[in-house]
Amino acid sequence: MSFSYDSKTHLLQFGSDTQTVAGVGQMKAQWISADTLAIPRDLGTGENYALYASKDASLKLEGEEISGAKPIELKEIIGGLSAEQRKKFPHLADYRALRVELDREDVASALRSQLALARFDGEGDAQKLTAFTGVQSAGVIDDLYAKALDDVELGVSFTGKRPTFRLWAPTAQKTTLLITDKKEKTARYAASYSKDSGVWTVKGKPQMAEAKYRWEVQVFVPETGKIETNIVTDPYSVALTTNSTHSVAVSLEDPHHQPKQWRKAKAKNVEKDVDRSIYELQIRDFSISDASVPENQRGRYGAFGANGAGSKQLKQLSEAGLTTVHLLPSFDIATIEEEQSQRVETDCDLKSLPAASSKQQECVTAHGDEDGFNWGYDPFHFMAPEGSYATNPEGANRVEEFRSMVGSLHSMGLEVVLDQVFNHTAASGQADRSVLDKIVPGYYHRLDATGKVETSSCCQNLATEHAAAQKLMVDALVVWAKDYKVDGFRFDLMGHHSRETMEAVRSALDELKPGRDGVDGKSIYLYGEGWNFGEVADNARFYQATQGQMNGTGIGTFNDRLRDAVHGGSPVDSSSTFRQGFGTGLGTDPNGNKVNGSTEEALKDLGHETDLVKLGLAGNLADFEFLASDGSVHRGDELDYRGAKAGYASQPGEVINYVDAHDNETLYDLTVLKLPRDTSMEDRVRMNTLSQATVMYSQAVPFWHAGTELLRSKSLDRNSYNSGDWFNRIDFSGVENTFGSGLPPEADNGEKWDLMAPLLEDPALKPDAKAMADAEGAALDLLQTRKEVGLLRLGSADLIGQKVSFPLGGSEAEPGIIVMRIDDTVGKDVDRKHDGALVLFNASPKESTQKLEELVGHDYSLAKSLAKGSDDRVKSTSFDSATGELTIPARTAAVLVEPQGSAK
C-alpha cells in the first residue's frame, strides 16, 4: 500500500502489512555528510542498503515493493563512523556507517527531494525488505553549505536606498519574493540561487525599501509528504507588520529611524563584570498599572521615558548603584495579540474580591491567551522588536520605539540586557507560527532518533549546533548589539546550546568596534541558565554551555547553589514548600514543619547550607578553600550540591548570584511559606533584606527580580508566565502590596491551594506601605554599600583566594552566623580606601557576640552607606578593637570596613 503522513508526529505512516519492516513511520537514518549515512544498529537485518530520492514526492511502498524513485546502492563502512564523525555526532557514535557515492550536485539534488532508506536481507529474487525509514539530513546540509554560508548577509541589506533580499533555503526547489504594496497588491520576483551557499537572492529596487514582503518557498515537507508551496515571513526580519503577518524591508541605518536620545545617551561604564548589579524586569509589568504614566504608554516601550513611578524608581536605584536592567523577552513574541483592540482583558472587579478567593484566577485565566500579558518565552522572529509593546507595531515604528526605550534607560545611567530564547521556537512543521521549519523542513529543530522534534525545553527545541541555526543566533545578537546598542544578553536554557556556539557569539560580539560599529563589543556581558537536562544532558550531543563548562569564557551562569541554600529546598522539589534555609530560619527559627526534621537534623543541614552560602559569597569558585561545617578544609568543588560539585566556577564574573527571579515564587512569597507563621512583619522585612544581602555582598555578579526591594508578591504564584497583569503587577509608588490578590492560577499552583488560602487571607502577612518603605530603604543601602566598598568586588579568583576567608567556620560555629573577612593588606592593594572589610550575617532571631582574637588592634567600623542608612538596627553592629569582640544584631547583614593605613 502507499504511505501517508501523520501530522501529529510529522513522520511516515504505513499500513498493517508493513509491520514487520523496521523504521516504518520514523526517520531513523541520518545523512551526516556528503559521503556518509548513519543508521542505528536496531534498524532491521541484512547487508544490502539503498537510498531513495523522489523529486516529485511520489515514493510508494506497496507490500515490500518500493516505487517512485530508483535505488541508490549504499555500502556499509567497516568500522562504522570515523573518529572525527563520532566527535561531531557523539549521540550517533555506535551507529552503522554507510558509504554514499554521489557527486556534490547529486547530493544537493537528493536533498531537494523526498528521502527514504531501505535495508534488505538476502540476494536477488530472495531479497526481503527488512527496514524502510525516513532520513534526517541536517548533517549533510551543513557539510554542503555551511562554509560558503558563513560570510553571506541574510535578510535585507541595503546599498544606498536599494535593498537586496536573501533567504537560505538549500532544500527548496524554487523560491519567489513577494512584495506587497500599499494597495495590498502583490508582485512576484524570481530569486537566483547559489549552489555554493544554498542562498536565494533578489536584487531589489529603491521603491522596495519599507515595503511589505514574504517569501514563497516550494519544498518537500515531511509533515504532509508533499512538495508544498509555503508563504513565509523572513526569519531575518528586523521589522514586521502587526501580528507579524509580513516582513518589512527596513534599513536600521536609516537616520529617520534613529531617535536623538538613543543616538546620544550612554550607560555608565562598567569596568569589571562583578561591578554590575542586575535588575530583572518585564516591559509590561513596568508600567501597565502605573497611573502616573500616560494611558497610551502603559505597558509599552514609551513608559521608560514617561517619568512615571517606575522611571523614578529606576533612577533612584541607579543613583544608589544599580548598573543594569535585564528585560524579559522583547523580540517578536508569538502569543501576544499586537492589535490592542483585538485583545480580551478581564473586566472583573478584581480589587473588590477576597484575599484568598479563587475568583481572581478564574477571571484572569478565562482570557489568559487573549490578553496582552505573557512573559514572552515563545519566539516568533528573533531580530525584530515585539509589536505589542509599541504604540504602533507597523514596520519601523516598533524599531524606533524600542530604540527610544534603550535611550531612556541609558539616560538613567543603566545598561540594557535583553533576554534571549534561542533554545526553542513557538512552533515547527506547518503550524501557523512556524517560520524556520517551513523554509528548511527538518533542519532547524533538534530531532530525536526517530525524527520527532525534541521538546525538553517545553517547546520545539532549536538545534543551534547546526550551522545555519547558530548563524541565525549569532547574527541576531550582533543586530541587537550594533543596531540597538544594548549592553548584554541573558540566555534562556543556555545549557541547550554548545560551548562552541556560545564562544562563536562571544567572538562575533568582540569584533564590534566603537569607531566602526558604534559599540565596544568586548564590553557586552553574556550570561544564562547553565542547567544540564534533556536530550543534550551530560554532553550527549555536544560539549554544553552548562555550569562548570564555561570556565575561561567570561560568560556567566546562574548559581542555584546559593539560591537554594538561602531559601531551603529546591524549586523543582514539590516537598520543599516549607523547607527552610539559611535565610528562612532553618535551625534557628523553626517553622514546626516536619520536613525540616529534628532540631539536630536541622542544625546539621544548616551547617551545610551555610557552607554553600559562604562559597557563593566567595564567587562559587571551584578551587576556593575554607573551613567547612564538618571541621575540615574543603575546596569548593569538594562540597556537595544534590550530588553535584557545589563550586564550579574559575572566575567570579562567571557566576550570577540570585535569590529570586521571574521563575518561581518571589522572595517575599517564599518567606511567607517558610518563616514561622507568627514572624512579625518587621522581621520578615529583615529576612528579605538579609537574603538579598547574600547576593549584594558576594564576590559574584548580583541579580534580583524587579520589585523585590518593595516586597513584591505574586500572591504565592510560582509560575506567573501567563497569569495576567493582576498577579504580576508592581506598585512602584510603594503604596499597595499585591500579597493577598487571590488564589493564583491553578496551573502549577493547584496542589498548594489548601496551604495557600489561610496565608493569603491573613492580614498580618500583607505588607503595608511602611514595610515596603523599610524594605526599599534597606535595599538601597545594599546597593550603596556594594558601590562604596570595592573589596566586595575583587573581580578575580586569585585575589579572592588571597584575601577572602571565613574566620568563624568549622563544627563549633554558631548557627546562622557568617563572618567573611576580606584582607587588603595581603597581596596587591586593590582598594585605596580600605585595608579590609568584614561582611557579617546573623540569620538567627537573637543578637550574637563573637570573638575574633586575630583581629585585635584592627579598626573596623560600619560602612558609611550603612552608618547613614535607613536601618537603625544595623547601626548597632559593633567591633571592639581592644578585645576583638564583634556584635551582630539579630536578623542582620552588615559590612564593617577598616580605613586604609589603620591596620596594625
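In this predicted model, the side chains of K752 and E665 meet in a salt bridge, with 3.5 Å from N to O. K752 lies in the loop between helix 17 and helix 18, and E665 in the loop between strand 35 (655-658) and helix 15, so the salt bridge ties together parts of the chain that are 87 residues apart in sequence. Both partners, K752 and E665, are buried.

R718 belongs to the surroundings of this pair. Leaving aside residues up to four places away in sequence, R718 touches P571, D663, N664, E665, D748, N749 and K752. Both members of the salt bridge just described are therefore among its contacts, because E665 and K752 each appear in that list and contact means heavy atoms within 4.5 Å. R718 itself sits in the loop between strand 36 (701-705) and helix 17 (724-728). What is the nearest side chain of opposite charge to R718? That side chain is E665, 4.2 Å away. A salt bridge requires the nitrogen and the carboxyl oxygen to be within 4 Å. R718 is buried yet has no salt bridge.

The loop that holds E665 runs from strand 35 to helix 15, and helix 15 is the next element to look at. Is helix 15 largely enclosed or largely open? Eight of the eight residues of helix 15 (residues 667-674) are buried, so the rest of the structure largely encloses this helix. The buried residues are L667, Y668, D669, L670, T671, V672, L673 and K674. Charged residues are found in this list, D669 and K674 among them. The cover over the buried residues of helix 15 includes helix 13 (560-567), helix 16 (681-696) and helix 18 (753-760). Helix 18 also bounds the loop that holds K752.

The loop between strand 36 and helix 17, where R718 lies, also contains R712. R712 forms a salt bridge with D285, and the closest N and O atoms are 3.0 Å apart. D285 is in helix 5 (residues 283-287), and 427 residues separate the two partners, so that distant parts of the chain are linked. Both ends of this bridge are buried: D285 has a relative accessible area of 3%, and R712 is at 4%.

A salt bridge within one helix is found in helix 19 (residues 769-788), which holds both D774 and K770. Their side chains meet at 2.7 Å, N to O. The two residues are four places apart, about one turn of the helix. In general, an α-helix has 3.6 residues a turn, so residues three or four places apart point the same way. Here neither partner is buried: D774 is partly exposed at 36% relative accessibility, while K770 is exposed, with a relative accessible area of 57%.

Salt bridges also join into a network, which links D589, E682, D683, R873 and R891. The count for the model comes to 44 salt bridges.

Two residues stand out by their backbone angles. Most residues other than glycine have a negative phi. N243 is not a glycine, but its phi is positive, about 65°. N243 lies in the loop between strand 19 (226-232) and strand 20 (247-248), and is partly exposed, with a relative accessible area of 30%. L493 also has a positive phi, near 45°. L493 is found in the loop between strand 28 (488-491) and helix 11. With a relative accessible area of 11%, L493 is buried.

Helix 11 leads on to a pocket. The second largest pocket has a volume of about 1000 Å³. Two or more residues of its lining come from each of strand 3 (29-33), helix 1 (83-88), helix 3 (138-149), helix 10 (467-484) and helix 11 (499-510). In total 45 residues line this pocket, and K88, D142, E465, H466 and A467 lie nearest its centre. By class, the lining has 16 nonpolar, 13 polar and 16 charged residues.

The last stop is A882, in the loop between strand 42 (878-880) and strand 43 (885-888). A882 is exposed, with a relative accessible area of 61%. From A882 to L855 the distance is 9.0 Å, C-alpha to C-alpha, and the two are 27 residues apart in sequence.

Methods
Residues numbered from 1 in each chain as written. Predicted model: local features only at pLDDT ≥ 70, side-chain atom pairs only at ≥ 80, totals over all residues. Heavy atoms only, no water. 1 Å grid on protein atoms, 1.4 Å probe; cavity = no way out; pocket = protein on both sides within 12 Å on 5 of 7 lines; lining within 4 Å. Points joined across faces, edges and corners; volume = space filled by probe spheres on them. Buried < 20%, exposed > 50% of the residue type's maximum accessible area, 1.4 Å probe, protein only. Lys, Arg positive; Asp, Glu negative; His and termini not counted.
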